Amino acid sequence: MADKRFKAAAILCCAAAAGFLGGRFSLLAQGPAPTLTGDARLAEAPPAALTAYRVEADDRTDEEAPPVNINQADEAELQSLPGVGPAKAANIVAYRRQNGPFESKEELMAVEGIGEQIFMNIRDRVTIGP
């Protein structure tokens with residue numbers, strides 16, 4: 001009885017291994033994946049391959065995003081800052097209307113809802129300049 005179980009288990013393992021390896025070899029038979037480096041290669045790549053490499057405006061890193069001028073930005077622009085939602089953006093605009101333009105980035109911490117932690121997260125993404 002144990003011999004039959006062993007044979008059945010061995011056959012099952014061989015079938016699973018064959019299925020796995022067959023799938024791996026079928027991928028290799030399709031050829032190497034396109035290398036998406038250089039403008040010429042990108043132009044030759046099929047559109048489906050490019051969709052994984054598209055960069056949307058929201059996918060930019062903090063270093064790539066232009067700074068937000070807190071003296072001129074509307075609520076929508078202010079919401080692009082990390083940790084600033086609709087309520088905090090409205091508070092920034094209201095503070096600006098009531099007190100005039102910000103004289104320093106640090107003055108943001110005087111706005112209701114903008115504490116030190118949020119300020120530390122956005123200080124490099126904001127400007128008070130022209």
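**Exercise 1. What covers the buried residues of α5?**

*Solution.* This is a predicted model, so let's start with the helix itself. Step one: find α5, which spans residues 86–99 and has 14 residues. From its first C-alpha to its last it reaches 20 Å, close to the 20 Å expected at 1.5 Å a residue. Step two: pick out its buried residues, which are A89, I92, V93, Y95 and R96. Step three: look at what sits over them; the cover includes α4 (75–78).

**Exercise 2. Work out how the buried and exposed residues are arranged around α5.**

*Solution.* A bit of background helps here. An α-helix has 3.6 residues a turn, so residues three or four places apart point the same way. Now look down the axis of α5: its buried residues fall within an arc of 160°, so they line one face of the helix. Then turn to the face pointing away from that buried side, where you'll find the exposed residues P86, A87, R97 and Q98. Finally, step just past the end of α5: G100 takes a positive phi of about 85° there.

**Exercise 3. Describe the largest nonpolar core and say which element gives the most to it.**

*Solution.* First, the general idea: in soluble globular proteins, nonpolar side chains tend to be buried together. Here the largest nonpolar core has 18 residues. Those with the most contacts inside it are L78, L81, V84, I92, F102, L108 and V111. Next, ask which elements give two or more residues to this core: they are α5 and α6 (116–122). Of the elements, α5 gives the most, with four residues. To see one core member up close, take V111, which touches N91, I92, Y95 and F102, leaving aside residues up to four places away in sequence.

**Exercise 4. Find the aromatic pair and describe its geometry.**

*Solution.* Searching the whole structure turns up one aromatic pair. Its partners are Y95 and F102, with 5.3 Å centre to centre and 20° between the planes. Planes under 30 degrees apart count as stacked, so this pair is stacked. Now check each ring's surroundings. The cut-off for buried is under 20% relative accessible area; Y95, at 17%, counts as buried, and F102, at 3%, counts as buried too.

**Exercise 5. Is K88 buried or partly exposed, and what does K88 touch?**

*Solution.* K88 is found in helix α5. With a relative accessible area of 24%, K88 is partly exposed. For its contacts, skip residues up to four places away in sequence: K88 then touches G83, G113, I114 and I118. One of these partners is worth a second look, since K88 and G113 are 25 residues apart along the chain, yet their C-alpha atoms are separated by 6.1 Å.

Try the loop next. G85 lies between α4 and α5 and counts as partly exposed at 25% relative accessibility. G85 and E75 are ten residues apart in sequence and 8.8 Å apart in space, C-alpha to C-alpha.

**Exercise 6. Zoom out and sum up the chain, including how confident the prediction is.**

*Solution.* Begin with the elements: the protein chain has six helices and two strands. From the N terminus on, they run α-α-α-β-α-α-α-β. Of the 130 residues, 20% count as buried. Then check the confidence: the mean pLDDT is 76, and 54% of the residues reach 70 or more. Over residues 53–57 the pLDDT is below 50, and this stretch has two contacts in the model beyond near neighbours in sequence.

Note on methods:
Residues are numbered from 1 along each chain as its sequence is written. This is a predicted model: local features need pLDDT of at least 70, side-chain atom pairs count only at pLDDT 80 or more; totals for chains, interfaces and linings use all residues. Side-chain values use heavy atoms; hydrogens and water are left out. The expected span of a helix is 1.5 Å times one less than its number of residues. Buried means under 20% relative accessible area, exposed over 50%, partly exposed in between (1.4 Å probe, protein chains only). The arc is that of the directions from the helix axis to the C-beta atoms. Contact means heavy atoms within 4.5 Å. A nonpolar core is a set of buried Ala, Val, Leu, Ile, Met, Phe, Trp, Tyr and Cys residues joined through side-chain atoms within 4.5 Å. pLDDT is the predictor's confidence in each residue, from 0 to 100. Rings of Phe, Tyr and Trp (its six-membered ring) pair if their centres lie within 6.5 Å; planes under 30 degrees apart count as stacked, over 60 as edge-to-face and the rest as tilted.
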